Amino acid sequence: MTTTASRSDDGGAQASDTSVTLVAEMTDADATAVVGLWHACGLTRPWNDPATDLANAVATATSTVLVARLADGGETGDDGTRGQVAGTVMAGYDGHRGWLYYLAVDPAVQGRGIGRSLVVAAEAWLAGQGAGKVQLMVRTSNTSVLGFYDSLGYSDQECVVLGRRLE
Ligand SMILES: CC(C)(COP(=O)(O)OP(=O)(O)OC[C@H]1O[C@@H](n2cnc3c(N)ncnc32)[C@H](O)[C@@H]1OP(=O)(O)O)[C@@H](O)C(=O)NCCC(=O)NCCS
């Protein structure tokens, strides 16, 4: 998996006086923290195994999982990464559009620009894949997040999302 690290100075620099948010593709060592963050942010559902979702995305060439770390947020690990995982986003290009999933920021550091940095980095990754448009789904039970997406330029696409399990 190619690393596309980006320094998100705008969001991260606003984030706190002492830290800059670094966004990069996750490493294998991040998997437990990533799934834990999805649980902590209420993004998991009993009928989806988040560890499988994560493994599938990492194993797919046209999808990725990016993580945000606070630059001063911990020791450098054996794998060279630094800082605890403070946020995540999954991005995938389906050959027509780019999609975002599992956007999550640690509740302890929400409101510091990390979510914005993750979305901006995911958009750049998708553009690099050839996607001309990015979309995402918001659960109807999660409308409080709509203001966040509005501030990033996302608007209601006036579509109803239908789905059916294949397995
Ligand atoms: C949504 C989420 C990722 C936002 O992350 P965050 O790091 O707190 O957001 P940011 O600090 O980057 O906010 C970016 C902008 O959105 C605004 N914003 C954030 N949350 C908002 C909300 N609920 N309503 C309105 N505006 C909001 C911020 O004020 C900021 O505006 P600014 O750039 O003009 O200052 C985070 O709240 C979260 O993890 N929520 C739980 C999981 C979730 O619902 N994920 C989305 C699934 S679709």
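**Chatting through the model, from the tail inwards**

Reader: Where in the protein is Glu158 found?

Author: Glu158 sits in the segment after α5. Helices (H or I, at least four residues) and strands (E, at least two) are DSSP runs, numbered from the N terminus. This is a predicted model: local features need pLDDT of at least 70, side-chain atom pairs count only at pLDDT 80 or more, and totals for chains, interfaces and linings use all residues. Residues are numbered from 1 along each chain as its sequence is written.

Reader: OK. Is Glu158 buried or exposed?

Author: Glu158 counts as exposed, with 5 C-beta neighbours inside 10 Å. The rule is that a residue is buried if 20 or more other C-beta atoms lie within 10 Å of its own, exposed if 12 or fewer, and partly exposed in between, with C-beta atoms placed from the backbone. Glu158 also has a positive phi of about 50 degrees although it is not a glycine.

Reader: Which other residue that isn't glycine has a positive phi?

Author: Tyr102 has one, near 50 degrees. Tyr102 belongs to strand β5, and it is buried, with 20 other C-beta atoms within 10 Å.

Reader: And which glycines come with a positive phi?

Author: Gly42, just after α2, is at about 75 degrees. Gly130, just after α4, takes about 110 degrees.

Reader: Back to the tail for a sec. What is Gln157 up to?

Author: Gln157 is also placed in the segment after α5 and counts as exposed, with 10 C-beta neighbours inside 10 Å. Gln157 and Gln135 are 22 residues apart in sequence, and their C-alpha atoms are 8.7 Å apart in space.

Reader: Let's zoom out. How many helices and strands are there?

Author: The protein has 5 helices and 6 strands. From the N terminus they run β-α-β-α-α-β-β-β-α-β-α.

Reader: What share of the protein is buried?

Author: Buried residues are 31% of the 167 residues. As for contacts (C-beta atoms, placed from the backbone, within 7 Å), residues 24 or more positions apart account for 59% of those with a separation of 6 or more.

Reader: Tell me about α2. Which of its residues are buried?

Author: In α2 (residues 31-40) they are Val34, Leu37 and Trp38. They cover an arc of only 100 degrees around the axis, so they lie on the same side of α2; the arc is that of the directions from the helix axis to the C-beta atoms. The exposed residues Thr32 and His39 are on the face turned away from that buried side.

Reader: What covers the buried side?

Author: The cover includes α3 (50-59), β3 (63-70), β4 (85-93) and β5.

Reader: Which residues touch the most others in the largest nonpolar core?

Author: Of its 32 residues, Val34, Leu66, Val89, Ala91, Leu118 and Ala122 do. A nonpolar core here is a set of buried Ala, Val, Leu, Ile, Met, Phe, Trp, Tyr and Cys residues joined through C-beta atoms within 7 Å. β2 (21-25), α2, β3, β4, β5 and α4 each give two or more residues to this core, and α4 gives the most, with 7 residues.

Reader: Why would they end up together like that?

Author: In soluble globular proteins, nonpolar side chains tend to be buried together.

Reader: So what do Leu118 and Ala122 touch?

Author: Beyond four places in sequence, Leu118 is in contact with Val23, Leu66, Ala68, Gly87, Val89 and Leu103. With that same cut, Ala122 touches Leu66, Val89, Ala91 and Leu100. Ala122 is in helix α4 and counts as buried, with 26 C-beta neighbours inside 10 Å.

Reader: How far apart are the end C-alpha atoms of α4?

Author: They are 23 Å apart, which agrees with the 22 Å that its 16 residues should span at 1.5 Å a residue. The expected span is 1.5 Å times one less than the number of residues.

Reader: Last topic, the ligand. Which residues come nearest?

Author: Gln110, Gly115, Arg116, Gly147 and Phe148, of the 20 residues around the ligand. A residue is near a molecule if its C-beta atom, placed from the backbone, lies within 6 Å of it. β5 (98-105), α4 (114-129) and α5 (146-151) each supply at least two residues of the shell.

Reader: What's the chemical mix of that shell?

Author: It divides into 9 nonpolar, 9 polar and 2 charged residues. Ala, Val, Leu, Ile, Met, Phe, Trp, Tyr, Cys and Pro count as nonpolar, Asp, Glu, Lys and Arg as charged, and the others, Gly among them, as polar.

Key
Contact = placed C-beta atoms within 7 Å.
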